[in-house]
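This report describes one protein model for a reader who has not seen it before. The overall build comes first, followed by single places along the chain.

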Amino acid sequence: MSATGVGIRFGSFEAVRDISLDIAAGEFLCLLGPSGCGKSTLLSAMAGFVPVAAGGLTVDGAPISGPDPDLGMVFQSSEALFDWMTVRQNVAFGPRMRGRSRAERAELADTYLGLVGLRHCADRFPGQLSGGMRQRVQIARVLANEPRVVLMDEPFGALDAQTRQVMQDEMGRIWRASGCTVVFVTHDIDEAILLADRIAVMTAGPAASVKDVYPVELPRPRDETDPAAVELRRALREDIGEEVRKALRDQGLDLDGDAMTEETR
Ligand SMILES: Nc1ncnc2c1ncn2[C@@H]1O[C@H](COP(=O)(O)OP(=O)(O)OP(=O)(O)O)[C@@H](O)[C@H]1O
Ligand SMILES: [Mg+2]
């Protein structure tokens, strides 16, 4: 997946400007940045949902011109699941739309439900599952299309802390097993350090761009107490903190007084 000089506009509002990123096949890239900077916007353009106003996006050299089963999108909430279909039918939906045979569909659903540890839930309906389980169904449903790129927009943001931790561990395993390229948007610096090969930090919007790209050269599974992880966390906090402060100042907040919160410090 490559972005070259990408600009995205909503009418006269310039959300994103001149973003260039080369994401290797099979790489796990995390996008971090202040709220409202344009992470979801960039991801939506990568998914073909939003057109670019400048530059271009390609996968394996082919331009992205619209939604494509090769570009799987996992949303923050699992409302995207079809509540009236069983878990198996949800996962088999993409392959069904692409004309795969009944046997192929069953096999794909089994494989990817197995990968996310939910084969035993195949005949249940989404409403009968926990939030974490529904999110795993969503991931299986995207993977069943065997996409080249999986785009994830804060996929664990709505989960409680314990479930999120389990899902983060699972995600590493699922990504390695599937071999796909992942672009993963998160607010959570620790989540990014745990998962990413590289972390791209965006500047505050409008006209947000990529500020820095940090390689995460830590062995997996990651140890958050590793001095290199601690140092990376410090550097990322500082880098993003600067952008958050800029964004808040632009919104008219006085940060030179004592009103600064721990989160923005
Ligand atoms: N459909 C739209 N029409 C107009 N403006 C939009 C639209 N979608 C997003 N924007 C604007 O683009 C900017 C970037 O929004 P975006 O949702 O990409 O931010 P984000 O980085 O994902 O934020 P968060 O971390 O809060 O999810 C914001 O100023 C937002 O108001
Ligand atoms: Mg967003």
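The secondary structure of this predicted model comes to 7 helices and 10 strands. The radius of gyration is 19 Å, close to the 18 Å that the globule rule gives for 265 residues, so the protein is as compact as a globular protein of that length. Along the principal axes, the C-alpha trace spans about 60 × 40 × 35 Å. Of the 265 residues, 39% count as buried. Among contacts between residues at least 6 apart in sequence, 68% join residues at least 24 apart.

An unreviewed UniProt entry carries the annotation "domain: ABC transporter" for residues 1–229. Over that stretch the chain is 32% helix and 25% strand. The C-alpha atoms at its two ends are 27 Å apart.

Helix H2 covers residues 87–97, and its buried residues are Val87, Arg88, Asn90, Val91, Ala92, Gly94 and Pro95. What lies over these buried residues? The cover includes helix H3 (102–115) and helix H4 (131–143). Just after H2, Gly99 takes a positive phi of about 75 degrees.

Two peptide bonds that lead into a proline are cis, as the table shows.

| Cis peptide bond | Omega | Place of the proline |
|---|---|---|
| Gly205 to Pro206 | about -10 degrees | loop between strand S9 (198–202) and strand S10 (210–215) |
| Arg220 to Pro221 | near -5 degrees | loop between S10 and helix H7 (227–250) |

The loop between S9 and S10 holds Pro206 and also Ala207. Ala207 has a positive phi of about 55 degrees, although Ala207 is not a glycine. Is Ala207 buried or partly exposed? Ala207 counts as partly exposed because 17 C-beta neighbours lie inside 10 Å, whereas a buried residue needs 20 or more.

Glu146 is another residue other than glycine with a positive phi, here near 45 degrees. Its place is in the loop between H4 and strand S7 (149–153). Glu146 has 18 C-beta neighbours inside 10 Å and therefore counts as partly exposed. H4, at one side of this loop, is also among the elements that cover the buried residues of H2.

Technical notes:
Residues are numbered from 1 along each chain as its sequence is written. Chains are lettered from A and ligands numbered from 1 in the order in which they are written. This is a predicted model: local features need pLDDT of at least 70, side-chain atom pairs count only at pLDDT 80 or more; totals for chains, interfaces and linings use all residues. A residue is buried if 20 or more other C-beta atoms lie within 10 Å of its own, exposed if 12 or fewer, and partly exposed in between; C-beta atoms are placed from the backbone. Helices (H or I, at least four residues) and strands (E, at least two) are DSSP runs, numbered from the N terminus. Two residues are in contact if their C-beta atoms, placed from the backbone, lie within 7 Å. UniProt positions are given in the numbering used here, feature names are shortened, and annotations may be inferred rather than shown by experiment. The radius of gyration is taken over C-alpha atoms; the globule rule is 2.2 Å times the number of residues to the power 0.38.
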